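Grab a pencil and work through these short exercises with the model open beside you. Try each one before reading its solution.

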Amino acid sequence: MTAPDLATERRDRRLLRRVLPYARPYWRFIALGVALVLVAAGAQVAGPYLVRIAIDDHIAVGDADGLFRILGFYVGLLTVGFLAAYGQAWVVNLFGQRVMRDIRRDVFSHIQRLHAGWFDRNPIGRVVTRATSDVDALNELLSSGVVMIITDVVLLGGIMTALLLMNWRLALVTFGAVPALFVAGWVFRRRIRPAFRRVREAVAAVNSFIQETLTGIEVLQLFRQQRRRAREYRVLNREHTGAHLDTVLCFSVFYPVVEMITAVTIAVIVGYGGGAIGSGALTVGALVAFLMYSEMFFRPIRDLTEKFNILQGALAASERIVELLSTEPGIRSPENPRLPARRDGSLTLNRVWFAYNDKDWVLEDIHLDVAPGEMVAVVGHTGAGKTTLAALLLRLYEVQRGSVLVDGLDVREWDLRTLRRQFSMVQQDVHLFSGSVLDNIRLGDPSISEADARRAAEEAEISAWAERLPHGLDTRLGERGAGLSQGQRQLVGIARAMARKSRILVLDEATSSVDTETERAVQTALGRVLRNRTSLVIAHRLSTIRGADRIVVLHHGRIREVGSHHELLARGDIYSRLYELQFEPEAALAVG
Ligand SMILES: Nc1ncnc2c1ncn2[C@@H]1O[C@H](COP(=O)(O)OP(=O)(O)O)[C@@H](O)[C@H]1O
Ligand SMILES: [Mg+2]
C-alpha cells in the first residue's frame, strides 16, 4: 500500500470514530436490519439449490407431485425473502433518517456557535452545502451504504458455501475469476477517485457561483453584467460536464470488463461442467444451479466496487461535516466565567491592537475609558475602524493585544451570553428576519412584552409609517426585511435596542439613512433612554452627537482627538475640518 493510501485509511477511521456515535442510539434498527438482511440473503441463496433438487430429484425421474411440493416451497421462500427485503429497506431508511436528523441538528447549533471571523472566511453557499447536501451524502454512508455492503458480503459468503458444497472442483474454477475482478475493481477505483473529486469540486463551484449571482442579482442587472456572468458560468458549467463525463468513461469501461469476465467464467463452467456430467461427477441440476449461482456471484462483486465509490463520495462529505463540527468556535465563554465586582456600566479599551488579518492593524493602541453613564461619541472617516471598535466591546472578535473591559472585567472573563446581555446595540446594517415588525423588535425575548415592543415602535417613530402597512406592526416582512426601506429598517433596529433594558447602548450610525426630521424625533426618544446609561454613539452626521459628553476622533485606526465639541472645534484639527465640511460647505471650500 502506498503512503497516500495509508493516510486515506487513517482519515477514514478517524471519520468513522466521529460519525459512529450518531448511529449508536439507533443500534436496534441496525440489528434488525442485519437480521432481515440475513433472511433475505438466505432466501436468495436457497433458490438455485431448490432448482437443483427440482431438476435432479423430481424432473429427471418424472415425479410431478414432488415437483409441485418443491415449487410451493420455492414460492414460500421467495415470499419470505421479499418481505425481509421490504422490511430491511424500511428499517434501514428509518435509521438513516434519524441519524441525519441528529447530525443536522448538531451541525446547525454548531454553526450558530462559530464566531464572526469564521464567517468572514467561509462563504455562506459553502456552509449551506455542509448543512444540507453533505448530510444527505453522509446518510448514504451510514444507512444504505453499510447495509448494502453487509448484504453483498453475506450473499457472497452464502453463494460460495453453496458452490463448494455442490462441487468443490467446479467451485474453485468459478472462484478463479475473482482475482481478475479484483484487479479490474482496483484499477477502476484508482481512476474514479480523482474523477469523483473533480465532480464534487465542480458542483461546489457551480453552487457558490449561482448563490453569489442570486444574492447580487440587482447589481448585476443594474450594471448589465448578465452576459459576462453567463460567460463565466459557461466555463464552470463546462468543467462540471467534463468532470461528470470522466466518471461516465470509467463506468463505461468497467462494466463491460466485468461482463466479459462473467461470460468467460460461465463458458468455463459450461465446458468443464459438461465434461463432468459426461463422467457422472455432476448432475444436470447441479450445473443449472451453478450457472444461476455464478450470475448471482458476480453481481455483488460488481456492486461492491460501484458502491465503494458512492461511499467515497459519502466519506468526503462526512469529512467536511466532521471538519465543520470539529471547528472550535474562535470565541467562547471561559471555563469559569466571572461576574464583575460592580455593575456600573463602565467601558475600557486598554491599549488595544486589533487586526482582522494577522498584522494589518485596523485599530492601533486604542486607549479609551467610558465612565458609567457617560455618552461618548466616536467620529471618523469611513474605514477608520469605528464599527470594529464597537464589535470588540461585545467580543464579536478577539483583540490581539491589550484588553477590553466591561464593568471593569475583561470581556474574555465574562460568560458570553451575559456579556452581550449588558448591551443594546444598533448595528450599522440592521438585519431583519422574516416575520412581523413586532417579532423583529422582540426577537423572541420573553422579557419583552408585546406592549413593550409597541411602545418601542412608537418611540422609534415606526408607528407613523407602520400604520400604512397592511397589518400595521403585525405585517409580515420578507427575508432580510424585504418591503422596508433602509431607513425604516434602521428604525426597527433602534426599536429593538429601545425595547431592551440593557445598561449600555451602542449605536453604530443608527440614523444614517433616516431623514433629519425623523432623526430628531428619534434622538429625543433616545435621549430619554440614554439617561443614566452608558452609551457609545458612532455617527457620521455630526448633528447627531452634539449632546455627547465627549467626542473621540478615530483616524486610520488611532485615536487622534478627544474632547467636547467646543474643545475640538477650538483645536482646529480633524474634527473641526469634518465639522466645517458638513455645516459650512462654502467656507470649507474657500479655505481648501
Ligand atoms: N470582516 C472584516 N474582515 C476584514 N477586514 C475588515 C472587516 N471589517 C472591516 N474591515 C476593515 O477594517 C477597517 C475598518 O472597518 P470599520 O470598522 O467597518 O470602519 P468604519 O466603521 O469606521 O467605517 C476597514 O479598512 C475595513 O476594510
Ligand atoms: Mg462602520
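**Exercise 1.** Which residues surround ligand 1?

*Solution.* Keep in mind that this is a predicted model. Start with the part of the shell that is continuous in sequence: His381, Thr382, Gly383, Ala384, Gly385, Lys386, Thr387 and Thr388. Then add Asp120, Tyr356, Val362 and Tyr397, and the shell is complete.

Next, sort these residues by class: the shell divides into four nonpolar, six polar and two charged residues. Finally, look at which element supplies the largest share: that's helix 12, residues 386–393, with three residues.

**Exercise 2.** Find the polar backbone atoms of Ala384, Gly385 and Lys386 that sit by an oxygen atom of ligand 1, and give the distances.

*Solution.* Walk along the backbone one residue at a time. At Ala384, a backbone N or O atom lies 3.2 Å from an oxygen atom of the ligand. Step on to Gly385, where a polar backbone atom is 2.9 Å from a ligand oxygen. One more step brings you to Lys386, and here the distance between a polar backbone atom and an oxygen of ligand 1 is 2.8 Å.

How much of ligand 1 does the protein cover? Taken on its own, the ligand has 560 Å² of accessible area, and the protein covers 63% of that.

**Exercise 3.** Work out how helix 2 and helix 3 are arranged relative to each other.

*Solution.* First locate them: helix 2 spans residues 27–59 and helix 3 spans residues 64–113. Their axes come within 8 Å and cross at roughly 160 degrees. Angles over 145 degrees count as roughly antiparallel, so helix 2 and helix 3 are roughly antiparallel to each other. As for handedness, their crossing is left-handed. Now check what lines the contact: 25 nonpolar, seven polar and one charged residues.

**Exercise 4.** Do the same for helix 15 and helix 17.

*Solution.* Helix 15 covers residues 450–459, and helix 17 covers residues 486–499. The two axes come within 8 Å, with a crossing angle of roughly 130 degrees. Helix 15 and helix 17 are therefore oblique to each other. To finish, note the hand of this crossing: right-handed.

Terms used
Residues are numbered from 1 along each chain as its sequence is written. Chains are lettered from A and ligands numbered from 1 in the order in which they are written. This is a predicted model: local features need pLDDT of at least 70, side-chain atom pairs count only at pLDDT 80 or more; totals for chains, interfaces and linings use all residues. Side-chain values use heavy atoms; hydrogens and water are left out. A residue is near a molecule or strand if one of its heavy atoms lies within 4 Å of it. A polar contact is a pair of N or O atoms within 3.5 Å; within protein, one must be able to donate a hydrogen and the other to accept it, and residues adjacent in sequence count only if both atoms are side-chain atoms. Accessible areas come from the Shrake-Rupley method with a 1.4 Å probe; for residues, only the protein chains shown count as cover. Helices (H or I, at least four residues) and strands (E, at least two) are DSSP runs, numbered from the N terminus. Ala, Val, Leu, Ile, Met, Phe, Trp, Tyr, Cys and Pro count as nonpolar, Asp, Glu, Lys and Arg as charged, and the others, Gly among them, as polar. Axes are lines fitted to C-alpha atoms, for helices over the stretch in contact, and angles run from 0 to 180 degrees between N-to-C directions. Angles under 35 degrees count as roughly parallel, over 145 as roughly antiparallel, 65 to 115 as roughly perpendicular and the rest as oblique. A crossing is left-handed if the near helix is turned anticlockwise from the far one by less than a right angle, and right-handed if clockwise.
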